[in-house]
Amino acid sequence: MLGAFISLLAVAFIGFFLFRVLPGDPVRAMTQDRKVSLEQLEALREQLGLDEPLWRQFLDYLGQLATLDLGTSYQYRGAESVAGLIAEKVGPTVLLVGTATVISAVLGTWLGVRTGWRHGSTSDRVNTGIALTLWSVPTFWLGLMMIILFAAGAGPIPDIFPAGGMRDPDVTGWALVPNVAAHLVLPVITLVAVVYAQYLLVIRSSVLDEMGSDYLVTARAKGLRDAVVRRRHAVPNALLPAVTMIAIDLGGIVAGTILVETVFSWPGLGYMFYEALKVPDLPLVQGMFIFFSAAVILMNLLADLVYPLLDPRVRR
Amino acid sequence: MSTPTVAGPRRLAWVRRGRTLLRFWREFRRNRAGVVGLVLLVGACVLALVAPFFISDAELSVTKAPGPLVAEPSWDYPLGTDKFGRSILDLIWQGSRVSLTVGFLATFMSVVLGTVIGIAAGHYRGWVESLLMRFTDWVLVLPTLVLAISLVVVMGRGLGTIIIAIGVTAWPVTARLVRAQTLAVEARPFIERARALGGGHWHVMTRHVLPNVMPIVLARTTLLVASTIIAESTLAFLGLSDPSRVSWGTTLQEARDAGATSAGLWWWIVPPGVAIALVALAFTMVGRALEQVYNPRLRERR
């Protein structure tokens, strides 16, 4: 708990350091490549409290964070608060990432257990090979290929899925469900392709670690069938370390989401992040840096809290 | 060949090093994927080095490129051309220079960071160790792409900032591996001997620990290059690189901005991605082979 709190504080500090201290004059950095009048510059300086000492600014900034005030974006003419923008875009991202994570977890665990259990077999080599290849392919390129093959008409079946966005503009009511689902297919496949490979490799090596254990020999000596030994004895133990490993790599899922949403113009957090970095809309980039980092840290805290419930050995 | 009787200690050391290298090569050669990856890598590096002798500036110029605009692959342009009439094959060839250079430099930076932090944490123990490892775990958990993007956005886009951004975000795994290995090395008696003979912290760390963690660092470096090359292409694709320098990522970014995906111009999209994937895969295969040579525990399972 305390560790997570310190981590969050460190994120806040890095956010402050990156966006306020490192650029020298944050106002100049914020208004990069944009036309601003001198009065506007002065007003921004005043608003950010840049005339005060640094430690004072940091405390003010912490106070703002504590009240979930992440500043205002100026991409939207200063009318939109960063926190509000993020809240608005969370839904589509959760839909995309949730669907993809559930599919990846099921697929990755299933394949990981099978390949690890029969390591060295042809199916193990083929599956590990595919996973390693997907691991070497850039996510965004995979997305581009999906569009070319299944949306742009260059593939064998032209035009089956829409190339981007979350819905067609003229669709409303219940017709929205199949429409959104059709838009969801390609982004989810791309994200799954990236994420499941990771799960497969983690769970495979975790199963391999359990393979030589004495308790498996005991289970076999009891006369249990191979499938039962695997399902009842090996898998539950192999999944435990995988929980931590996967929690540590949540940042990878965030990265995958940003790229997939960018490629498919999916109107979620990742796409907004891309739009913000193009401008660049520094308050929005800063806010999203803090949001993504905090989300990942909190998920890790959750994994730490759940772990003792799953594994009686670490319960005291 | 000199007679062994006149061999001094220095020469002996070299002979021994040569023998170790030979043994290492024999072990490495057994891993077929590793050898294939190595051949691919050497080929890619040689091609990247000789690129300027085959491609003139005019052929890569946005205004003076000789080819037809957005042409399909043909005999003259085996991989087609882009919207400026540049040959895609030339772009990939030239782009390999930036992609490999950024990959190597960013990897070097992160490996140096990771090794220094790892050795320091493993050597000093106590509060230094717990502080450094807390910090490492914290960076490890952070979404690195978001951090790298933020760094580039704040520092201004360009090749240099990309290298720094990847370098300062990719070191934690190296640091953890190096620390574990440092702990193992420090427990061995020759460290005690070095201390007893009056070796200080610096001496022990640089003369005894560092040479012994190098194999792990080498394997890790090779694996890391694969991910830094992908990271470079990712940042370039997001438009954070120097647009005037051709790389695999910027080629893909230009293709997407020109609407190549929705128009189905596959010859503009497929080759850069294949190039990235091949090189990344080659580094991964070599890295895994190196790991197996140095870590016999991995060898038997494959």
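Here is a short back-and-forth about this predicted model and how some of its labels are earned.

Reader: What makes B:Ala219 count as buried?

Author: Just a neighbour count. B:Ala219 has 21 C-beta neighbours inside 10 Å, and the cut-off for buried is 20 or more. With 21 set against that cut-off, B:Ala219 therefore counts as buried.

Reader: Which residues does B:Ala219 touch, leaving out those up to four places away in sequence?

Author: B:Ala219 sits in helix α10 of chain B, and its partners are B:Gly287, B:Leu290, B:Glu291 and B:Tyr294. As for B:Gly118, that residue is 101 residues away along the chain, and its C-alpha is 15 Å from the one in B:Ala219.

Reader: Why is helix α9 of chain B said to lie largely in the open?

Author: Same kind of bookkeeping, applied to a whole helix. Helix α9 covers residues 189-196 of chain B, and of its 8 residues the number buried is 0, so the helix lies largely in the open. After α9(B) comes B:Gly198, with a positive phi near 95°.

Reader: How much of chain B is buried overall?

Author: Of its 302 residues, 45% count as buried. The C-alpha atoms fill a box of roughly 75 × 50 × 35 Å along the principal axes.

Reader: What is chain B built from, helices or strands?

Author: Helices: chain B has 13 of them and 0 strands. Take contacts in chain B between residues at least 6 apart in sequence, and 69% of those join residues at least 24 apart.

Reader: Why is α5(A) called oblique to α12(A)?

Author: Look at the angle. The axes of α5 (residues 82-117) and α12 (residues 269-278) in chain A cross at roughly 130° and come within 7 Å. Roughly perpendicular runs from 65 to 115 degrees and roughly antiparallel needs over 145, so 130° falls outside both and α5(A) is oblique to α12(A).

Reader: Which residues make that contact?

Author: From α5(A) you get A:Leu85, A:Ile86, A:Lys89, A:Val90 and A:Thr93, and from α12(A) you get A:Leu269, A:Gly270 and A:Met272. By type, the contact of α5(A) with α12(A) has 5 nonpolar, 2 polar and 1 charged.

Reader: How do you know that domain 1 and domain 2 of chain A touch, and how many residues does each give?

Author: The domain assignment gives domain 1 as 2-66 and domain 2 as 90-315. Their C-alpha centres are 35 Å apart, but the contact takes 10 residues from domain 1 and 9 residues from domain 2. On the domain 1 side, α1 (2-21) and α2 (26-30) of chain A each supply at least two residues. The most comes from α1(A), with 7 residues. That side divides into 7 nonpolar, 3 polar and no charged.

Reader: What makes up the side of chain B that touches chain A?

Author: The contact takes 36 residues from chain B and 42 residues from chain A. Elements of chain B giving two or more residues are α5 (126-141), α6 (144-155), α10 (201-237), α11 (248-257) and α12 (266-294). The chain B side splits into 23 nonpolar, 10 polar and 3 charged.

Reader: Where in chain B is confidence lowest, and where is it highest?

Author: Helix α13 (residues 296-301) of chain B is lowest, at a mean of 56, and helix α7 (residues 159-167) of chain B is highest, at 90. Chain B averages a pLDDT of 83, with 90% of the residues scoring at least 70. For the model, ipTM is 0.83 and pTM is 0.85.

How values were computed: Residues numbered from 1 in each chain as written. Chains lettered and ligands numbered in written order. Predicted model: local features only at pLDDT ≥ 70, side-chain atom pairs only at ≥ 80, totals over all residues. pLDDT = per-residue confidence, 0-100. Helix = DSSP H or I, 4+ residues; strand = E, 2+ residues; numbered from the N terminus. Contact = placed C-beta atoms within 7 Å. Nonpolar A, V, L, I, M, F, W, Y, C, P; charged D, E, K, R; others polar. Buried ≥ 20, exposed ≤ 12 C-beta atoms within 10 Å, placed from the backbone. Axes fitted to C-alpha atoms, helices over the stretch in contact; angles between N-to-C directions. Parallel < 35°, antiparallel > 145°, perpendicular 65-115°, else oblique. Domains from an automatic or database assignment.
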